[in-house]
Amino acid sequence: DNLVLSRYAILQVAAVDDNLVCLLDLPAAPGAGDLVLFSAHTPCCGKNDGRDREHDHLAATWRDLLAGAGPFAVDPAIPVVMVGDFNMVGYRRQLETLRDGRFIDPATWGDDYAPARAAGSLRAAPLRHTHTRLHYTWRDDGSSFAPGRLDWLFYSPDCLTLQRSFALWTPDMPAGARAASGLRADDSRASDHLALV
């Protein structure tokens with residue numbers, strides 16, 4: 001159920017469990033293969049063991065790519081973006097694995113590392129709603145669970161600068177802002193996950 005659509009050429013793609021890692025060719029940057037993109041949908045809800053394993057595997061894949069041992073060759077200075085439904089409903093360690101390179105199971109995956117090289121940790125985009133101070137990315141009004149931040153966007157701050165980011169929840173947008181953007185109040189209800197930009 002994982003899919004990547006890109007206006008830029010996808011040069012390489014590999015599966016990491018049920019997740020994807022892609023090498024994108026950004027025309028504005030020098031050379032081919034200018035961005036590594038991880039697209040994730042890790043196990044949900046009470047499946048903490050599966051989520052631990054997949055988060056460790058994603059982090060190990062990025063570490064291996066940086067070391068020249070990943071599923072395809074990349075420049076070790078290449079930027080990375082990890083985005084998707086990480087189902088962050090369990091333990092903080094799952095966030096720290098992706099952001100900080102701290103493995104939950106080092107006996108299987110090896111030593112910790114700095115995913116943003118000299119900068120240390122990856123940075124998480126704030127993804128605040130466009131017209132409120134809320135940060136949740138999942139909402140299902142028919143569920144017994146409160147809205148939560150299940151989806152994340154991590155990036156390498158050593159070579160990328162975040163210009164803007166937001167989560168789109170159209171019911172809370174003023175009517176004028178929706179009209180100016182060509183949106184309707186119920187557009188965000190097409191999914192239980194909000195669109196992340």
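Here is a walk through the structure above, from its overall build down to a few single residues.

Keep in mind from the start that this is a predicted model. The protein is made of 4 helices and 8 strands. If you trace the chain from the N terminus, the elements come in the order β-β-β-α-β-α-α-β-β-β-α-β.

How does the overall size fit the chain length? For 197 residues, a compact globule would have a radius of gyration near 16 Å, and the protein comes out at 17 Å, so the two agree. Along the principal axes, the C-alpha atoms fill a box of roughly 50 × 40 × 30 Å. Of the 197 residues, 43% count as buried. There is also plenty to see in how the chain meets itself: among contacts with a separation of 6 or more, 61% are between residues 24 or more positions apart.

Now for the outside. The accessible surface adds up to about 10200 Å², and carbon and sulfur atoms make up 53% of that. As for charge, there are 19 positive and 25 negative side chains, with the centres of the two sets 8 Å apart.

Next, look for the open sheet of 6 strands, which has mixed pairing and the order S1-S2-S3-S4-S6-S5. Its edges are strand S1 (9–16) and strand S5 (123–124), each of which pairs on one side only.

Let's cross the sheet, beginning at the S1 edge. S1 and S2 run antiparallel and are joined by 7 bridges, with Ala15 standing opposite Leu20 in S2. These two strands form a hairpin with 2 residues between them, and there Asp17 takes a positive phi near 60°. One step further in, strand S2 (residues 19–25) is linked by 5 bridges to strand S3 (residues 35–41), again antiparallel. In that pair, Val21 sits opposite Phe38 in S3.

Further along, strand S4 (residues 80–85) and S6 run antiparallel, with 5 bridges between them. Here Asp85 has Asp151 in S6 as its bridge partner. On the way to the other edge, S5 and S6 pair in the antiparallel sense over 2 bridges, and Arg123 stands opposite Tyr155 in S6.

Strand S6 deserves a longer stop. Why can we call S6 largely enclosed by the rest of the structure? Because 5 of the 5 residues in this strand (residues 151–155) are buried. In a regular strand, side chains alternate between the two faces of the sheet. You can follow that pattern here: Asp151, Leu153 and Tyr155 point one way from S6, while Trp152 and Phe154 point the other way, and all are buried. Two of these residues have already come up, Asp151 as the bridge partner of Asp85 and Tyr155 as the residue opposite Arg123.

Finally, turn to helix H2 (residues 92–100). Which of its residues are buried? They are Gln94, Leu95, Glu96, Thr97, Leu98 and Asp100. The cover over these buried residues includes helix H1 (48–66), along with S4 and S6. That brings us back to the sheet, where S4 and S6 are paired with each other. Just after H2, look at Gly101, which takes a positive phi of about 75°.

Key. Residues numbered from 1 in each chain as written. Predicted model: local features only at pLDDT ≥ 70, side-chain atom pairs only at ≥ 80, totals over all residues. Heavy atoms only, no water. Rg over C-alpha atoms; globule rule 2.2 N^0.38 Å. Buried < 20%, exposed > 50% of the residue type's maximum accessible area, 1.4 Å probe, protein only. Contact = heavy atoms within 4.5 Å. Areas by Shrake-Rupley, 256 points an atom, 1.4 Å probe, with all protein chains shown as cover. Lys, Arg positive; Asp, Glu negative; His and termini not counted. Charge placed at Lys NZ, Arg CZ, Asp CG, Glu CD. Pairing = 2+ DSSP bridges.
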